[in-house]
Amino acid sequence: MPQLIPFLKKDEIAEMVAAVAQRLSSDYKDSEFVVIGVLKGAFMFVSDLVRGLTIPVEVDFVRVSSYGDAASSSGTIRMTKELELDIKGKDVLIVEDIIDTGLTLDYIVNYVKSFSPKSVRICALLDKRERRMSDVPVDYACCIVEKGFLVGYGLDYAEKYRNLPEIYDLKF
Ligand code: PRP
């Protein structure tokens, strides 16, 4: 059985989310602000993040799948749910739970840009740099992580552990 090693507690996550929500509320004041969450992993982060905003926001989701049930990227990216909102001329923030190789984000940034938004920035709860293969800029990183296989707060391993309110490092 894999072991769950505590990595981030509930209140540590809440503090990070509140801090980034405050920054975003200031940076996107007076703009047509759209948050695009990347399913499934970001569902919990997006819901807490938008509740912390003090400015108007539109929320949409895309779903991209690359990992299947494996613990490392298959390298194949598929878009399984498209954007629904009209984002032309708007200020878009792509919200990810975790950025690892950066390949998923690269794909999503190009996809989002094809709809001619005014700006595109990236916000990630966890910016894991150990295996980065793309130099896509992470504009708002809540927590920089060197390594580990993190689960909980939306992040899964083989679809398990997403429901946990805290983040753990899974040791195999
Ligand atoms: C995870 C995570 C990111 C991506 C990051 O999603 O939510 O979208 O992997 O990895 P990368 O930087 O190496 O591309 P996953 O494909 O596991 O799907 P999920 O969000 O449904 O769990």
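Rings of Phe, Tyr and Trp (its six-membered ring) pair if their centres lie within 6.5 Å; planes under 30 degrees apart count as stacked, over 60 as edge-to-face and the rest as tilted. By this rule, Phe149, Tyr157 and Phe172 form one aromatic cluster.

This is a predicted model, in which local features need pLDDT of at least 70 and side-chain atom pairs count only at pLDDT 80 or more, while totals for chains, interfaces and linings use all residues. Residues are numbered from 1 along each chain as its sequence is written, and side-chain values use heavy atoms, with hydrogens and water left out.

## Aromatic pairs

A pair of aromatic rings is described by the distance of the centres and the angle of the planes. The ring rule yields five aromatic pairs. In one of them, phenylalanine 149 and tyrosine 157 have ring centres 5.6 Å apart and planes at 85°, so the pair is edge-to-face. Tyrosine 157 also pairs with phenylalanine 172. That pair is edge-to-face too, with 5.0 Å centre to centre and 75° between the planes. Tyrosine 157 lies in the loop between E8 and E9, and phenylalanine 172 in the segment after E9, so the pair ties together parts that are 15 residues apart in sequence. Helices (H or I, at least four residues) and strands (E, at least two) are DSSP runs, numbered from the N terminus.

How exposed are the members of the cluster? Burial follows relative accessible area: buried means under 20%, exposed over 50%, partly exposed in between (1.4 Å probe, protein chains only). Phenylalanine 149 is buried at 16%. Tyrosine 157 is partly exposed at 23%. Phenylalanine 172 is exposed at 61%.

## The ligand site

Which residues lie closest to the ligand? The shell holds 17 residues, and the closest are Glu96, Asp97, Thr101, Gly102 and Thr104. A residue belongs to this shell if one of its heavy atoms lies within 4 Å of the ligand. The shell divides into five nonpolar, five polar and seven charged residues. Here Ala, Val, Leu, Ile, Met, Phe, Trp, Tyr, Cys and Pro count as nonpolar, Asp, Glu, Lys and Arg as charged, and the others, Gly among them, as polar.

Three side chains make polar contacts with ligand oxygen atoms, as tabulated below. A polar contact is a pair of N or O atoms within 3.5 Å; within protein, one must be able to donate a hydrogen and the other to accept it, and residues adjacent in sequence count only if both atoms are side-chain atoms.

| Side chain | Distance to a ligand oxygen atom |
|---|---|
| Arginine 63 | 2.8 Å |
| Glutamate 96 | 2.7 Å |
| Arginine 162 | 3.0 Å |

Taken alone, the ligand exposes 500 Å², and the protein buries 94% of that. Accessible areas come from the Shrake-Rupley method with a 1.4 Å probe; for residues, only the protein chains shown count as cover. Strand E5 (91–99) and helix H3 (103–113) are the elements that give two or more residues to the shell. E5 supplies the largest share, four residues.

## Backbone features

Most residues other than glycine have a negative phi, and most peptide bonds are trans. The peptide bond from leucine 39 to lysine 40 is cis, with omega near -5°. Lysine 40 sits in the loop between strand E2 (33–39) and H2.

Serine 116 has a positive phi, near 55°. Serine 116 belongs to the loop between H3 and strand E6 (119–128), and at 40% relative accessibility it counts as partly exposed. Tyrosine 153 has a positive phi of about 50°. Its place is the loop between strand E8 (150–151) and strand E9 (167–171). Tyrosine 153 is buried, at 4% relative accessibility.

Proline 56 lies in the loop between helix H2 (43–51) and strand E3 (58–65). Proline 56 is exposed, with a relative accessible area of 69%. Its C-alpha atom is 8.9 Å from that of aspartate 30, and the two residues are 26 residues apart along the chain.

## Cysteines

How many disulfides does the structure hold? A search of the whole structure finds zero. A disulfide needs a pair of cysteine sulfur atoms within 2.5 Å. For cysteine 123, the closest cysteine sulfur is that of cysteine 142, at 5.0 Å, too far for a bond. Cysteine 123 is buried, at 0% relative accessibility. For cysteine 143, the closest cysteine sulfur is also in cysteine 142, at 8.1 Å, again too far for a bond. Cysteine 143 is buried as well, at 13%.
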